[in-house]
Amino acid sequence: MKRLALYFAGLVCILCNCTAQTVLSSAKDNTQQNQNKQLQQNAKGQESTPTYSISVENTYKLRWTGKAFTGVHKDKANTWLIKAVVKGLDAKWLKHPLSITTKDVRLLKDSLRKEVVTIIALESAEAGWSFTTFNKEYFMIEECKAPLYAVPYFINGSVYILCITPSFKIIGNEMRPAIDKKTLQESVLIPLMNVFS
């Protein structure tokens with residue numbers, strides 16, 4: 001009986017020690033998260049603008065004839081993604097010839113989080129036809145299994161689309177993608193604009 005009581009007391013001590021370590025570890029994690037959050041806030045209490053380190057992995061150039069893709073990179077580029085993005089903006093654009101450049105870009109956000117972004121540049125390849133303006137801030141690519149979002153920009157008659165898998169934030173009772181369109185344009189797209197020319 002004494003042996004059973006000692007065994008039970010030893011087991012309780014082990015469990016209490018594990019619980020105490022878990023609580024201590026959780027408290028340290030929460031403290032670290034709060035410190036990181038405070039570092040990201042500026043003097044006004046707003047989150048600071050993220051910084052990006054950019055490296056271009058792949059570049060593909062191809063054409064859309066209005067019916068099919070042509071060009072030396074037609075088998076290497078993600079044509080499924082290109083068609084899905086164009087349909088999401090305006091499916092009527094697929095009736096016209098397009099000159100397309102895609103870039104797979106690796107981003108290091110705030111020296112912590114790695115992201116892969118595909119940038120698609122569209123130009124009209126038909127004389128007398130140009131893109132109609134659009135009013136979309138971003139949209140989800142429905143055909144994709146993962147939450148992939150397209151962030152379009154209309155600049156100097158061309159359309160640039162950043163395809164990203166964003167982080168999410170809770171607003172009220174909803175989860176929404178955390179996409180800062182202006183920061184992406186200034187920190188990612190504009191530094192790469194001369195590469196598309």
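**View 1. The whole protein has three helices and nine strands.** Welcome to this predicted model! Starting from the N terminus, you meet the elements in the order α-β-β-α-β-β-β-β-β-β-β-α. Of the 197 residues, 33% count as buried. The protein exposes about 13100 Å², and carbon and sulfur atoms supply 53% of that area. Among contacts with a separation of 6 or more, 58% join residues 24 or more positions apart.

**View 2. Strands β3 and β4 make a hairpin.** Follow β3 through residues 98–109, then β4 through residues 113–124; the two pair in the antiparallel sense over 12 bridges. Three residues lie between the strands, and in this turn Asp-110 has a positive phi of about 55 degrees. To find your place in the pairing, look for Thr-102, which stands opposite Ile-120 in β4.

**View 3. Strand β4 also pairs with β7.** Here β7 covers residues 158–164, and its pairing with β4 is antiparallel, with five bridges. A handy landmark is Leu-122, which stands opposite Val-159 in β7.

**View 4. Trp-93 sits in a loop and is buried.** The loop in question runs between α2 (79–90) and β3. Is Trp-93 buried or exposed? Trp-93 counts as buried because its relative accessibility is 2%, and the cut-off for buried is under 20%. Leaving aside residues up to four places away in sequence, Trp-93 touches Val-86, Leu-98, Leu-122, Trp-129, Phe-131, Thr-132, Phe-134 and Val-159. You have already met Leu-122 and Val-159, the residues that stand opposite each other in β4 and β7. Thr-132 is 39 residues from Trp-93 in sequence, while their C-alpha atoms are 8.8 Å apart in space.

Terms used. Residues are numbered from 1 along each chain as its sequence is written. This is a predicted model: local features need pLDDT of at least 70, side-chain atom pairs count only at pLDDT 80 or more; totals for chains, interfaces and linings use all residues. Side-chain values use heavy atoms; hydrogens and water are left out. Two strands pair if DSSP finds at least two bridges between them. Helices (H or I, at least four residues) and strands (E, at least two) are DSSP runs, numbered from the N terminus. Buried means under 20% relative accessible area, exposed over 50%, partly exposed in between (1.4 Å probe, protein chains only). Contact means heavy atoms within 4.5 Å. Accessible areas come from the Shrake-Rupley method with a 1.4 Å probe; for residues, only the protein chains shown count as cover.
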